[in-house]
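Good morning, everyone, and thank you for making the time. I would like to walk you slowly through one protein today, so please take a look at it before I start.

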Amino acid sequence: MTDGSILTTRGLWSGYGGKPVLQSVDMDVREGEIVAVIGRNGVGKSTLMKSLIGLIATAKGSIAYRGQSVDRLGANRRARLGIGYVPQGRDVFPRMTVLENLLVGQSISGRAAPKDLMDRIFGYFPILAERRGQRAGTLSGGQQQQLAIGRVLMGTPSMILLDEPSEGIQPNIVQDIARIMVELNATTGVTIVFVEQNIDMIRIMAQRCYVMDKGRITDEIAPHVLEDRAAVRRFLAV
Ligand SMILES: Nc1ncnc2c1ncn2[C@@H]1O[C@H](COP(=O)(O)OP(=O)(O)OP(=O)(O)O)[C@@H](O)[C@H]1O
Ligand SMILES: [Mg+2]
């Protein structure tokens, strides 16, 4: 906690039914950073996110959150420590209203929320305030993504894991969401680790990028390289 790192994995292996997907992943994220994980379909990006939140067990290696080993903790315990997770495909509760989805986000985290938290979330995502009484299943993809992010924010996370937030969302909304995440990071200091294949979202949000291939981190892209669109494209096509 004192060295400024929020997340450290060392030699992390995990997978499904004894079949490894992640193969010795090492990553280091500092407090307040926004880090992207990029790579082709099926290389293990979602598996990495699920391993970090604890939906998949660590087979070998270690995961530390603020210096504390979390490998043996389930997803609920990790959420209570301040790790928030927005899954790929968003998974809002379709029959519940926007408001109910937000309240569930707070109760599953088990963390106390400041009184004005929901208003602040409505400030970031005004569409959620407008649609607070509407069932989540009737929202557009972009609105559902905003709701999924709002729901995780209700748990007052210190670090958010975001899996492909741009998927199935129209480009102008993707950019809006990316800018809001940057603003959230700047104003609250929340750390963000996100999986993404959308070049706009990566360039707006990421301060640094890990490149994954076949269950391993094969490269790291520094900020100045992120300014080069063609270079980022090459990495996405590895
Ligand atoms: N529940 C599961 N059971 C068994 N194998 C799985 C399961 N989920 C994913 N896999 C396999 O693990 C590998 C990595 O999948 P993962 O979903 O992590 O990839 P990804 O990089 O997130 O891909 P995408 O970009 O398509 O979301 C793939 O070979 C996939 O088929
Ligand atoms: Mg995925």
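Let me begin with the charges: the protein carries 29 positive and 23 negative ones, and the mean positions of these two groups lie 6 Å apart. Please keep in mind, as we go on, that what you see is a predicted model.

Turning to the overall fold, the secondary structure amounts to 10 helices and 10 strands. The radius of gyration is 17 Å, close to the 18 Å that the globule rule gives for 238 residues, and therefore the protein is as compact as a globular protein of that length. If we lay a box along the principal axes, the C-alpha atoms fill roughly 45 × 40 × 35 Å.

What share of the 238 residues counts as buried? The share is 52%, while the surface that the protein exposes comes to about 10700 Å², with 50% of that supplied by carbon and sulfur atoms. Among the contacts with a separation of 6 or more, 70% are made by residues 24 or more positions apart.

Now let us look at strand 4, which covers residues 60–65 and pairs with strand 1, residues 5–16, in the antiparallel sense over 5 bridges. Within this pairing, I63 of strand 4 is the bridge partner of T9. Strand 4 also runs antiparallel to strand 5, residues 68–69, and 2 bridges join them, with Y65 standing opposite Q68. These two strands form a hairpin with 2 residues between them, and in that turn R66 has a positive phi of about 45 degrees.

Note on methods. Residues are numbered from 1 along each chain as its sequence is written. Chains are lettered from A and ligands numbered from 1 in the order in which they are written. This is a predicted model: local features need pLDDT of at least 70, side-chain atom pairs count only at pLDDT 80 or more; totals for chains, interfaces and linings use all residues. Side-chain values use heavy atoms; hydrogens and water are left out. Helices (H or I, at least four residues) and strands (E, at least two) are DSSP runs, numbered from the N terminus. The radius of gyration is taken over C-alpha atoms; the globule rule is 2.2 Å times the number of residues to the power 0.38. Buried means under 20% relative accessible area, exposed over 50%, partly exposed in between (1.4 Å probe, protein chains only). Contact means heavy atoms within 4.5 Å. Accessible areas come from the Shrake-Rupley method with a 1.4 Å probe; for residues, only the protein chains shown count as cover. Lys and Arg count as positive and Asp and Glu as negative; His and the chain ends are not counted. The place of a charge is taken as NZ of Lys, CZ of Arg, CG of Asp or CD of Glu. Two strands pair if DSSP finds at least two bridges between them.
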